Amino acid sequence: MSDFFAFPTLNSWEENVFQLTGAGIVVTVILIIACIALALFLQPKEVRNVKFSAKQLTFSAMAMALAMVLSMIKILDMPLGGSATLCSMFFITLAGYVYGPKAGLLTGISYGLLQFVIDPVFYTLPQMLTDYPLAFGALGLSGFFWNKKWGLQIGYVVGIIGRFIFSWLSGVIFFAAYAEGSGMPPVLYSFCYNGSYMAAEGVITLIIISIPAVSKAIAQVKRGILG
């Protein structure tokens, strides 16, 4: 690992990890900005000619900000990382629901990198990529249902399943040692551990966004944005 990007240190469990340097944080922030900028040019062809780049930039930034704030409101905080929050994942899936899969995926990747910048400690580069840009980027899979009936709900479910798959893989590949003493193989342990908090948040959020008044309000906001 280049000392320019990160330096070795110990975390609170006395494990060997890496932490971003100031230059590494700057590089990551530049990547976030690049992803958001690229998302402006990857609108669905049905709305590509609508001049709302400023709207999209504002909406994506607000979605990420709301998701970040709500991610700090933890309903269930797991001991080894991960938590059920107050609907934080929904606002990233909402970006995909409004603007389509390409913009949604890039917004998710940007949010994952932002989460990483907030706590820039990682074990290996593959682990960091899996847990942050890939896992949170998968929330943008909601965009594939942006113009479908029940797309808001279906997209949200698909998005969190996508994030779960990457988090589950990370637990199996990079954190298999944590399963020791649980009596479960790493594959099952990671499934139960990550599934518990994501399912809790998913069910709560799905109930909220399925309330007719809420879903109608979101649909109206989408129509207003796309004009």
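## Aromatic rings in helices H6 and H7

Let's start with Phe191: at 46% relative accessibility, Phe191 counts as partly exposed (that is, between 20% and 50% relative accessible area, for a 1.4 Å probe and protein chains only; under 20% is buried, over 50% exposed). Phe164 is buried, at 15%.

A quick note before going on: this is a predicted model, where local features need pLDDT of at least 70, side-chain atom pairs need 80 or more, and totals for chains, interfaces and linings use all residues. Residues are numbered from 1 along each chain as its sequence is written, and side-chain values use heavy atoms, leaving out hydrogens and water.

How many aromatic pairs does the structure hold? There are 13 (Phe, Tyr or Trp rings, six-membered for Trp, with centres within 6.5 Å; planes under 30 degrees apart are stacked, over 60 edge-to-face, the rest tilted). Phe164 and Phe191 make one edge-to-face pair, with ring planes at 85 degrees. Phe164 belongs to helix H6 (residues 151-173) and Phe191 to helix H7, so this pair ties together parts 27 residues apart in sequence (helices are DSSP runs of H or I, at least four residues, numbered from the N terminus).

Tyr193 and Tyr197 also pair edge-to-face. They are four residues apart in helix H7, so about one helical turn separates them. Both Tyr193 and Tyr197 are buried.

Here are the two pairs:

| Pair | Ring centres | Plane angle |
|---|---|---|
| Phe164 and Phe191 | 5.3 Å | 85 degrees |
| Tyr193 and Tyr197 | 6.3 Å | 80 degrees |

Elsewhere, Phe5, Phe18, Phe116, Phe122 and Tyr132 form one aromatic cluster.

Key:
Helices (H or I, at least four residues) and strands (E, at least two) are DSSP runs, numbered from the N terminus.
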